[in-house]
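Me: Got a model open here and a few quick things to ask. Can we go through it together?
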Amino acid sequence: MIPVTNSIKELTLLQPDDWHIHLRDDQALATTVPHAASSFNRVICMPNLVPPVKNVNDASAYRERILQQLQSSAVDSDRKAAFDPRMTLYLTDNTTAKDIEIAAQSGIVQAVKLYPAGATTNSADGVTDINACVAVFEAMEKYNLPLLLHGEVTHDHIDIFDREKRFLEDILGQIIAKFPALKIVMEHITTSDAADFILAQGNQVAATITPQHLMFNRNHLLLGGIKPHFYCLPILKRESHQKVLLDVATSGSPKFFLGTDSAPHATDQKEAACGCAGCYSSSIALPLYATAFDSVGKLDKLEGFTSRFGPQFYGLPVNETTVTLVNQPMQVPTNYPYFDGSTLTPLMAGETLPWSLKL
């Protein structure tokens, strides 16, 4: 457990948004949507479904499935009214400038997501040649539609712990140089290299940081045996990188904001010989972030990170509702019911967090 240093007993924040979440689809939504809606207003929903969300029609249909599930859930009426799933398009080698124009005019598509082919879950349809995306990036600049990046290269010969750093060097720098007005979010950054890179860019470039990358490092994943529920992509890095991420997240810089990358996988698919990558945190995200910020005495910086800097980057108003965290211990559930009789194991399952949401 990360130690807590602050004596604050209660903290009220403007309602946060989650600028990177995986809700999955169909039966999975019965679990993931209520969890997300309990803490967040806007959520940027990842498009790596099967099949992927490639155009506005796909996005509209997916959003409707999410909202239908929300209405049939036990979430209270105020939370239902506030919850706003924002869609993303999955960038492929076949995405066109016209697709971008239609998306920008749709009112429901917030951004476009680039997965290098093979980088993570359901990314087989991802981009194979970044140089083939010129017309698409030009259209995104024109219509002010941000590019969201899974920032890793996927060449087999590059060490998994170096893939983010190489992405910065080989790909992201080129995109920024060629498209200087393109708004870019490098999602779930994991290294000091990425933090330094983002800080060196203009205001059009920002990053999200997950709770697991603030609270844990690769020792937590590997020491004493492999811990499958700490396995995510990009993979946890050295403690020195974790410390830098905590520094920038709690610095008050508007270039870093909340994106959980909460990614549900059934427990038996995580605890397997070849387990899935992804940490499920949506249900406990705010207590996790509060614990991380409190560990370095920076709770006063939490609201900017969770509730202000994301809307500021996307040109959206901050939320007017609030949520309150209390410095009272909560035990993380060991699992949640999932679909087809399976379970879903959250990050830090069975552990005690010092912060909890006030109901």
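Me: Is Cys276 buried, exposed or partly exposed?
Reply: Cys276 is partly exposed, at 23% relative accessible area. Buried means under 20%, exposed over 50%, and partly exposed in between, with a 1.4 Å probe and protein chains only.

Me: And where's its nearest cysteine sulfur?
Reply: That's the sulfur of Cys274, 7.9 Å away, and Cys276 is in no disulfide. A disulfide here is a pair of cysteine sulfur atoms within 2.5 Å.

Me: How many disulfides turn up in the whole structure?
Reply: Zero. Cys45 is in none either; its nearest cysteine sulfur belongs to Cys279, 19 Å off. Cys45 counts as buried, with 1% relative accessibility.

Me: Before I go on, what sort of model is this?
Reply: It's a predicted one: local features need pLDDT of at least 70, side-chain atom pairs count only at pLDDT 80 or more, and totals for chains, interfaces and linings use all residues. Residues are numbered from 1 along each chain as its sequence is written, and side-chain values use heavy atoms, leaving out hydrogens and water.

Me: OK, backbone. Which residues does a cis peptide bond join?
Reply: One joins Val50 and Pro51, with omega about 0°. Another joins Leu233 and Pro234, again with omega about 0°. Most peptide bonds are trans.

Me: Where do those prolines lie?
Reply: Pro51 is in the loop between β3 (42–45) and α2 (56–71). Pro234 is in the loop between α9 (218–222) and α10 (239–249). Helices (H or I, at least four residues) and strands (E, at least two) are DSSP runs, numbered from the N terminus.

Me: What's the phi of Asp26?
Reply: Positive, about 50°, although Asp26 is not a glycine. Asp26 sits in the loop between β2 (18–21) and α1 (29–37) and is exposed, at 54%.

Me: And what about Asp340's phi?
Reply: Also positive, about 55°, and Asp340 isn't a glycine. Its loop runs between β12 (336–337) and β13 (343–344), and Asp340 is exposed at 65%. Most residues other than glycine have a negative phi.

Me: Zooming out, how many helices and strands are there?
Reply: The chain has 13 helices and 15 strands. Its radius of gyration, over C-alpha atoms, is 19 Å, close to the 21 Å from the globule rule for 359 residues, so the chain is as compact as a globular protein of that length. That rule is 2.2 Å times the number of residues to the power 0.38.

Me: What share of the residues is buried?
Reply: Buried residues make up 58% of the 359.
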